[in-house]
Amino acid sequence: MMNNEMASALKIGLFGIGLDTYWPQFEGLKDRLEGQLDIVEKRLSAIHPDIVNAGLVDSADKAFEAGKLFKKADVDVIFLYVSTYALSATVLPVVQRAKVPVVILNLSPDNAIDYEAFNAMNDRTRMTGEWLAYCSACPVPELANVFNRVGIRFHQITGMLHDDPECWNEIKEWVEAARVASIMSYNRMGCMGHYYSGMLDIYSDLTLQYACFGGHIELLEVEELAALRKQVNTAEVQARLALFAEVFDVQPDCAEEELQKAAITSLALDKLVELHQLGSMAYYYKGTGNPENEEAISSIILGNSLLTARGIPVAGEYEIKNAQAMKIMDAFGAGGSFTEYYAMDFAADVVLMGHDGPGHIAIAEGKTKVRPLGVYHGKVGKGLSVEMSVKNGPVTLLSVVEQKGGRLMLLVAEAEAVAGPILQIGNTNSRYRFAIGARNFVNKWNSYGPAHHCAIGVGHISSKIEKLGQLLNMDVVKVC
């Protein structure tokens, strides 16, 4: 199965709850609640189509059947629609067997009971049945108590079935977070080359990445990329050069020879990605003593930028943690460009941030420029690089932080990308303004000990990242 097909494999389990004792007592109550469950299914299906609906669970026997169904279907998350009171003993077997996170939907059918009409019924049995159709909040403390005591991870949404956009936006964010968690669990990340010697904050425990995100990490040799470059034909190169001219703003001082090298490497990268079914990549290589390897690495930036723009983010300097952060941002549809501090602008109260190497050209402000560099600072070789700024407007910063004690956490901040002068040095770089000010942002962000790289994407999506963290059982810290 190809990586992008696996990434769409999210399955959502859905069930409603009730108490079978009620049905002979209160005519029409069961049908009414099942109708509301149908509404929940339709609205969830509009957000994500792959729903496994176990129906209204109202007894222990049905609970075990529902748990078996969800386990067999391999659902990633369960939405539990609470329509009326139900015994926790008829709920626990469902979620305990499935062993996935649970989102409790405490949704009232309307904004309030019609008290006047209710009290005018003059039939206390009918009145009780009507009340039971509104008492979704009643069993939630019981469920929360039991889930906590047995170690079931759960999250709550309290709102209304109808006319509650805030509530349904929250549900949508949970679905999006579950989809991203699924993408990460199937993602194949390639790690090509080796760490930048001495850059200690970049070094990472790969098994810890598996533990938190799942997926697969393929360790790759630069020699493989160099060998694939030899398989590229002239027609392919001409087509890739035409793509460069279409996608990039290639500056007139870019040598044709360097463009040819970049086109060959870009095509070889595509073959490498296809061969290993990669969904992201981290790379770095000194290239010393091997001209073929050095040429492959020094001509890699344009190809990596194209990969990043089509959903296969590439992080330089073998920054595996940041390749994960970039993939998360891209999976949320926000982009995720490879970034570090460049300079402080105290006059404008902004932080300049960017990086050499690949950029996320799909979230660039205007066309990305290609410039020739006579030297790659801190690295061997020379060649072509990209210069871009992230689109002006709201942005989110994300860092996957490896903490003391062997845990990962997600560090998040929201900001604005603003217009203004940038450093025209053939690197990605942008100006970011933070609500707490540049000085406070830098101090607070640094205090959590992230590596010096982060991923920046468009839009304010911290609430989605917070939900992803809860699904993955990872701490999330929002700086601003």
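**Stop 1: helix 2**

Select Asp31, Lys42 and Ala46: these are exposed residues on the side of helix 2 away from its buried residues. Keep in mind as you go that you are looking at a predicted model. Now widen your selection to residues 29-47, the whole of helix 2. Its 19 residues reach 28 Å from the first C-alpha to the last, close to the 27 Å expected at 1.5 Å a residue.

Next, colour Leu29, Leu33, Gln36, Leu37, Val40 and Leu44, which are the buried residues of helix 2. Turn the view until you look down the axis: the buried residues fall within an arc of 100 degrees, so they line one face of the helix. What covers them? Show strand 1 (12-17), strand 2 (51-57), strand 3 (77-82) and strand 4 (102-108), which are among the covering elements, and then add helix 6 and helix 8 (165-186), which are also included.

**Stop 2: a serine in a loop**

Go to the loop between helix 6 (124-132) and helix 7 (140-150), and pick out Ser136 there. Is Ser136 buried or exposed? Ser136 has a relative accessible area of 2%, and because buried means under 20%, Ser136 is buried. Show its side chain together with that of Asn106, and you will find a polar contact of 3.0 Å joining the two. Leaving out residues up to four places away in sequence, Ser136 also touches Val82, Ser83, Thr84, Leu107 and Ser108, among others.

**Stop 3: a serine in a strand**

Now select strand 11 (residues 335-345) and find Ser337 within it. Ser337 counts as buried too, at 2% relative accessibility. Which backbone atom lies 3.1 Å from a polar atom of the Ser337 side chain? It is the backbone nitrogen of His360. To see the surroundings of Ser337, display the residues it contacts beyond four places in sequence, including Gly359, Ile363, Met388, Cys454, Ala455 and Ile456.

**Stop 4: helix 11**

Move on to residues 234-247, which make up helix 11. This helix has 14 residues and reaches 20 Å from its first C-alpha to its last, close to the 20 Å expected at 1.5 Å a residue. Zoom in on the start of helix 11, where a side-chain oxygen of Asn233 reaches to within 3.2 Å of the backbone nitrogen of Ala235.

Colour the buried residues of helix 11, which are Val237, Arg240, Leu241 and Phe244. They cover an arc of only 105 degrees around the axis, which puts them on the same side of helix 11. Show strand 8 (249-250), helix 12 (256-276) and helix 14 (301-309) to see what these buried residues pack against. Then flip to the face turned away from the buried side, where Ala235 and Glu246 are exposed.

**Stop 5: rings**

How many aromatic pairs does the structure hold? There are nine. Stay with Phe244 and add Phe248: their ring centres are 5.8 Å apart and their planes stand at 70 degrees, so the pair is edge-to-face. Both Phe244 and Phe248 are buried. For a stacked pair, select Phe434 and Phe441, with 3.7 Å from centre to centre and 5 degrees between the planes. Phe434 and Phe441 are buried as well.

Next, show Tyr195, Tyr203 and Tyr318, which form one aromatic cluster. End the tour at Arg43 and Trp168: the charged end of Arg43 sits over the ring of Trp168, 4.1 Å from the ring's centre.

Technical notes. Residues numbered from 1 in each chain as written. Predicted model: local features only at pLDDT ≥ 70, side-chain atom pairs only at ≥ 80, totals over all residues. Heavy atoms only, no water. Helix = DSSP H or I, 4+ residues; strand = E, 2+ residues; numbered from the N terminus. Expected span 1.5 Å × (residues − 1). Buried < 20%, exposed > 50% of the residue type's maximum accessible area, 1.4 Å probe, protein only. Arc of directions from axis to C-beta. Contact = heavy atoms within 4.5 Å. Polar contact = N/O pair within 3.5 Å; in protein donor to acceptor, adjacent residues only side chain to side chain. Phe/Tyr/Trp six-rings, centres within 6.5 Å; stacked < 30°, edge-to-face > 60°. Lys NZ or Arg CZ within 6 Å of the ring centre and 35° of its normal.
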